[in-house]
Structure formats: structure tokens, C-alpha cells
Amino acid sequence: MACFVVPAVEAVITTAVTKVIEKKEKTEAKNETVTVSGGFSKKLKWLNNMLWGGSALLAFEHIWHGEVVPWFPFLTNAIDPANRAEMLHEMATAGVSMTILVTAVWAGIVAVTGIISRSAVPAESKSGRN
């Protein structure tokens with residue numbers, strides 16, 4: 001029905017936050033206070049790609065099944081007031097749970113890449129000493 005709306009809303013928010021952080025990182029790099037090679041904005045782009053991609057696939061699936069139409073109010077269940085409660089319930093349960101899961105997977109990816117990059121630095125410094 002409308003479960004794809006929730007991750008799409010998070011994607012819009014994280015896209016805006018990414019733009020702000022990118023601007024801040026560029027300003028800091030320009031002032032040479034910080035050397036930014038793979039800043040937090042790059043990691044947020046990973047989350048954006050996951051959210052936008054998932055939302056697009058879900059939207060396509062809902063369009064395919066006729067649940068999303070090209071005229072107002074766009075969602076077929078939003079037309080009938082009796083179905084609105086069901087639609088909002090799906091958004092609150094399925095949409096929120098999918099969004100939390102995607103964000104948790106992204107957090108796991110960020111944690112694992114952080115661990116890998118920290119363990120790679122000592123290995124490089126050890127090999128440089130020999």
C-alpha cells in the first residue's frame with residue numbers, strides 16, 4: 001500500500017543532512033584544519049543509496065499491483081476513508097520496521113568498515129618498518 005513512503009521520507013532527510021555535512025567537510029578541508037578522505041558524508045551516501053533504491057523498488061512493486069496511481073491522491077487506499085486506517089497501520093508497522101532494518105544494516109556496515117580500516121592501519125605501519 002504505502003510502506004515505501006516511510007523509507008523515502010528518511011531518504012529525503014538523510015539526503016539533506018548529507019549535503020550539509022558535505023559542505024562542512026569541504027569547508028574544513030579548504031581551511032586545512034582536517035584532511036577528509038572518506039568522511040561521514042560518504043557513509044551517509046551509502047544509507048541514501050540503500051533507502052532510495054529500496055523505496056524505488058517498493059514503489060515500482062506497488063505501481064505494478066495498482067496500489068499507486070498517477071492521479072490524486074496517488075494511493076488507492078487513501079481514496080476510501082475506511083482503507084486509510086489500514087494504510088496508515090501498514091506504514092506504521094511495515095514501513096517503520098523496514099526503515100529501522102535498513103538503517104541498522106547500514107550501521108553494521110559502517111561499524112565493520114570502521115573496524116577493518118582501523119585494523120588495516122597498524123598492519124600497514126608494521127610492514128613499512130621492515
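**Exercise 1. Determine what share of the contacts between residues at least 6 apart in sequence joins residues at least 24 apart, and describe the fold around that number.**

Solution. Contact means heavy atoms within 4.5 Å. Among contacts in the protein between residues at least 6 apart in sequence, 74% join residues at least 24 apart. The model is predicted: local features need pLDDT of at least 70 and side-chain atom pairs count only at pLDDT 80 or more, while totals for chains, interfaces and linings use all residues. Residues are numbered from 1 along each chain as its sequence is written, and side-chain values use heavy atoms, with hydrogens and water left out.

Next, list the elements. Helices (H or I, at least four residues) and strands (E, at least two) are DSSP runs, numbered from the N terminus. The protein has three helices and zero strands, in the order α-α-α from the N terminus on.

Then check confidence. pLDDT is the predictor's confidence in each residue, from 0 to 100. The protein averages 87, and 87% of the residues score at least 70. Helix α2 (residues 40-64) has the highest mean, 94, and helix α3 (residues 81-129) the lowest, 86.

**Exercise 2. Test whether the end-to-end distance of helix α1 agrees or disagrees with its number of residues.**

Solution. The expected span of a helix is 1.5 Å times one less than its number of residues. Helix α1 (residues 5-30) has 26 residues, so it should span 38 Å. Its end C-alpha atoms are 37 Å apart, which agrees.

**Exercise 3. Sort residues of α1 by burial, and find the surface patch that includes Val9.**

Solution. Buried means under 20% relative accessible area, exposed over 50%, and partly exposed in between (1.4 Å probe, protein chains only). Of the 130 residues of the protein, 26% count as buried. Among the buried residues of α1 are Pro7, Ala8, Glu10, Ala11, Thr14 and Thr18.

Val9 also lies in helix α1, but counts as partly exposed because its relative accessibility is 44%. Val9, Ile13 and Val17 make a nonpolar surface patch of about 240 Å². Such patches take residues with over 30% relative accessible area and no salt bridge; nonpolar side chains (Val, Leu, Ile, Met, Phe, Trp, Tyr) are joined within 5 Å, like charges within 9 Å.

**Exercise 4. Find the partner of Glu22 in a salt bridge and compare the burial of the two residues.**

Solution. A salt bridge is a side-chain nitrogen of Lys or Arg within 4 Å of a carboxyl oxygen of Asp or Glu. By this rule the count comes to one. The side chains of Glu22 and Lys45 form it, at 2.6 Å, N to O. The pair links distant parts of the chain, as Glu22 is in helix α1 and Lys45 in helix α2, 23 residues apart. Glu22 is buried because its relative accessible area is 14%; Lys45, at 38%, counts as partly exposed.

**Exercise 5. Locate the cis peptide bond and the positive phi of Phe74.**

Solution. Most residues other than glycine have a negative phi, and most peptide bonds are trans. The cis bond joins Phe72 and Pro73, with omega about 5 degrees. Phe74 has a positive phi of about 70 degrees although it is not a glycine. Pro73 is in the loop between α2 and α3, and Phe74 lies in that loop too.

**Exercise 6. Establish which residues surround Cys3.**

Solution. Cys3 sits in the segment before α1 and is buried, because its relative accessible area is 6%. Leaving aside neighbours within four places in sequence, Cys3 is in contact with Leu58, His62, Glu90, Met91, Ala94, Gly95 and Met98. For Gly95, 92 residues away along the chain, the C-alpha separation from Cys3 is 4.2 Å.

Conventions:
Accessible areas come from the Shrake-Rupley method with a 1.4 Å probe; for residues, only the protein chains shown count as cover.
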